[in-house]
Amino acid sequence: MFIQEVTIKNFRGLDIDIKNLKKDFLIIGKNDSGKSNFCYAIRKVLDYSIRKIPLTISDSSNYNKGDIFIYLKIKLEDISLANRNNLSHYIEKINNEDYIEVYFNAKFSEDTLHYNESITIGSLDSKEYATNISNPLDKVLDIIYVNPNYDFEKDKKNFFKLRQQKSIDGNETINPLIKKSVEELNVSIQNDDYITGLSNEINDQEGFGEIFEDVEFKIKSDVDISNIYKSLDIIPYVKSTEDSINIGDGKSKTLSMLLQRISYNDDKEKILIIEEPENHLYPLLQKCYVKLTSKFNLDQMIYTSHSPYIIDYRKMRQILKFVTTNNGKHKKTICKTLNIDEKDYEAFGFMLNEEISEIFFYDKVLLVEGDSEKYFYNALSIKDENFQSYLVKNKMGIFSVYGIDFAPAKKILNKLGIKVLIKTDNDIFPKQRRYAGIARVLNCLDESGKERLCKILNINELTKELFKYEENETCNSLIEEKMTEITSLFKEYGVLLSCHHDGFEKDFLEFIGQADNVEDFNYLKEAKLKNLHKYIVDNKVELTINEDNKNSILVGFMNE
Amino acid sequence: MNNIDQRLKEQLDYQQGLIINSTEKKVVVSAGPGSGKTYTIVQRISKELSNIKFNQGIIACSFTKEASKQLEERLEQKCDISHSYIGTIDSFVLMGIIDPYKNRLIKHWNGKNIVKKLKIRMAEMRSLASEITKYGTKYYDKVAYKNYLNKWKNDFLNGVYEISFANYLVAIYLIRNLPEVKEYLSNKYISIYIDEAQDLNEFQHMLIKVLADECQLNCFLIGDKNQSIYQFRGARPEQFYNLCNLGYTEYKINVSVRCHKSILEFANSIVDDKYVITGSDESRVNFNILPTSEELSSISGNFMILFETNQNASLWYQYLLKKGVDVIYSKPIDIADKDFKDEYLDLIEEILFFYYNFDNKNTKLTYRIDDFRTYLSNFILEEQIKNNILINFESNVIEYLIKILSMFDVSLPETIKIELSTQLCEDVHVNHYIKREDANRIMTIHSSKGLEAENVFVVFTQPPFKYDDEYKRKLFVAFSRAKNNLYISFSNTSGIHGTQFESILLKKASALLISG
């Protein structure tokens, strides 16, 4: 069973309604964007240990003491028969699928200065439960919460406690020979001189004989096999040498997770909520960790993360981005959803990896075609403070699509509400006689943009032929004539096209004030990035934004 | 029970064992008087429950609240009934099927209300609903029927639930139209058990068929087709008979721990032409021994003398009194108004039983107030049974009757009031309702329902008007009252000797003794 829909009202700044959640999804967003509160809201409803902690004023958004509401729609899919019967008639059929709906309501009471809370299971035919008792859903579902700062002691204690319970319920016990030696141990303790000395001390007291008559006392040792669990601990050691060793955070955290994995009730359905799994782990391990958790075979896994290494496209087909907006006094969180399916993965050219994943964490992204552009902007951000602070202030990142089409990246980024700028060359392919650059970014215009383009070129319809030119010509004169208008139209749509057809190298030379230097231009064109790098280093080029170049195509967007 | 034949006990164990261990999915059991029906059901249910997993359970229904309470108590001690439903069939339909889905049904019927709790109402005793239940849908005006169902639906849309045959139709409707209901029932319950299944009406039979066929529940029905007494309330014993043709495997328990084997066999052979008497070396069925004072003084144990009419019983009673024989003659009250009698006689008699036995000197026979309250709850809601069912010593029996009947909104017409007052002044009537153990009694066959005696004398003064199924069932009831000895005699006065009737009985009895 997994949560498919979540509605939260007035809880710790969250007012959201998210539908069509998948079995495994990832939540990203800045700090204080509500990721943890979202997870807490789910735990408040489904996890008894959290639910019984009462809500206070601070749990209402902006301390407004208003009603708090949390709704979960849980899809039952592969639930076991025993659990299905535990949920009995609360199961709803919606579009031929089985669901269970849970409502949490809290109303503030001025008398107690706390919230009066209740949980309702079922919709039309429902039953209300107090929040401090267990309800049918508790018997069916366990929420496994993995703390961003792992708690090894707690997990260890839990593990042993559960094992002890299992051995009492079932018949798994420690070897009877051990039991026997414990009995013998008890006898030895009882017979120990010191211990018998103690009982003698009790029995030799003057004056009590009258009352006790012929009764005496002895001391009994009661070391019990079932208490043994309290004396057990888990110690790491090096296998080859059998030496004990201290392990650091990374391994401790992983051990903690391992113990959690084997410490829960098999009969119940399980939903895992894991916050910031990246903590204490270096990047490669972060990738492994996620692979591990996905092997748990749980019904649903909800991750929150700040790290691109956690995003694994093969597993997480859904990414939610929480964005806070500040309109007036109150901040509001909205959720943008990105569903990634097999086709998207292919369209990206299998390039969906952590480098691209990093993009998702930004608010604004500039997509460039290749290495040279990327190198330039990297260098600029190191050398020019204004540019650097602009990037930080706008939470902007610069990424290369390595020559693969911009469209899939733009589509995905827009879904996450990320603003996209595209820097592309206005290049012409002489062999095919095409304006390849413009054609490449044509779909970045919407319907009205395309209409305006038609108007500019005085035509009725945009066709393939439009961006070509005749055999005996060197260019399309109409397009050339209107080039300025065309490029400014595209600029409105975030596409940065130069008017010339000489590519990034020309833009670069214009930027550093060497626009007309033909020799340098040819040099750069010869071996793109390699020569660019050499050129900058050898000539000690000043990469700064100044009065002359601040409106150039490369950095002009900063002035918007 | 102490005098039971060891052999008989073994046979009973064997027959019960077959049933308890049977594995067919649809089972019907005919079990006669004293056959340990409840014991058999309890054993079979606990066996089934011990093998059930996945939080599943069974449904066990009886007809009266008393019976289901008893069943629940016995099962609680033996197994885990937390996932099972034990109650009357009406309450299962309400609490187990309709109530959990009430708002979804309202929505399905395009209603707008949300009902937190249904208001329960009983159908009035003489209403259309109870008529249809009695006589079935075939004999009823289709328009009236449809109108009633529409009214029921409208009431329901407003949160009112009337207990009537409509409940079963609605339950079937839910199972067929809301797939979640069918899934819920099929997943949660494995089997349904019904006790006193001979009294199921046609609507209840329909529901059971749907539960078996569409929800894949195993069915186990146990009853005694020879003791159906609720036909006037719509019971369909013939449907019970017919279950064998619907895929049910039939089992019989024909061993009784009340009657001697030969008596039970004789009674069975009368009511069932196909019954084959197995016979033994002893027959307790005797002919031509009239209950004269000499005869009565020579037998051991108490006796019961049965006549067909009150006139004959009364005459014989006078004769025995003169001879100083210790015997009680009693007859039940009678009400001239047939309609009133059909509806209310059972209720009135039960009130009388309570009135005359709540302080019975024999504590074994005391009618406890809680049990009376449970009886009343079969017909009216708990809330309506106010605390004043206690008997106020100032009032007389008629006043008490009126008080209880008013809870049913039934008022006693003046004529009937007078009729009853007169009768209840007479010992002969009052004696009928005072329970006595081991008393000697004389009465009509009809009145002997539910009683037993060690020796029973049945005296026929005329051949039967119509030797049909109903008459045969009457004979079965009469003969199965006897625990140890049955004496059948034909009084000389009306030429009954030599009739076909006499020879039928003699012939059947002759098979009781194994020749040789």
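A disulfide is here a pair of cysteine sulfur atoms within 2.5 Å, and by this rule the count over all chains of this predicted model comes to 0.

**View 1. The surroundings of A:Cys444, a cysteine outside any disulfide.** The nearest cysteine sulfur to that of A:Cys444 belongs to A:Cys454 and lies 16 Å away, whereas a disulfide would need the two sulfur atoms within 2.5 Å. A:Cys444 is itself buried, and its relative accessible area is 12%.

**View 2. The surroundings of B:Cys79 in chain B.** For B:Cys79 the closest cysteine sulfur is that of B:Cys61, and because the distance between them is 16 Å, the two are too far apart for a bond. B:Cys79 is also buried, with a relative accessible area of 16%.

**View 3. Strand E3 of chain A and its enclosure.** Strand E3 of chain A spans residues 24-29, and since 5 of its 6 residues are buried, the strand is largely enclosed by the rest of the structure. In a regular strand the side chains alternate between the two faces of the sheet.

**View 4. The pairing of E3(A) with strand E11 of chain A.** Strand E11, which covers residues 300-304 of chain A, pairs with E3(A) in the parallel sense, and the pairing extends over 4 bridges. Within this pairing, A:Ile27 stands opposite A:Thr304 of E11(A).

**View 5. The pairing of E3(A) with strand E12 of chain A.** Strand E12, formed by residues 318-327 of chain A, runs parallel to E3(A) and is joined to E3(A) by 4 bridges. Here A:Ile28 has A:Lys321 of E12(A) as its bridge partner.

Definitions and conventions
Residues numbered from 1 in each chain as written. Chains lettered and ligands numbered in written order. Predicted model: local features only at pLDDT ≥ 70, side-chain atom pairs only at ≥ 80, totals over all residues. Heavy atoms only, no water. Buried < 20%, exposed > 50% of the residue type's maximum accessible area, 1.4 Å probe, protein only. Helix = DSSP H or I, 4+ residues; strand = E, 2+ residues; numbered from the N terminus. Pairing = 2+ DSSP bridges.
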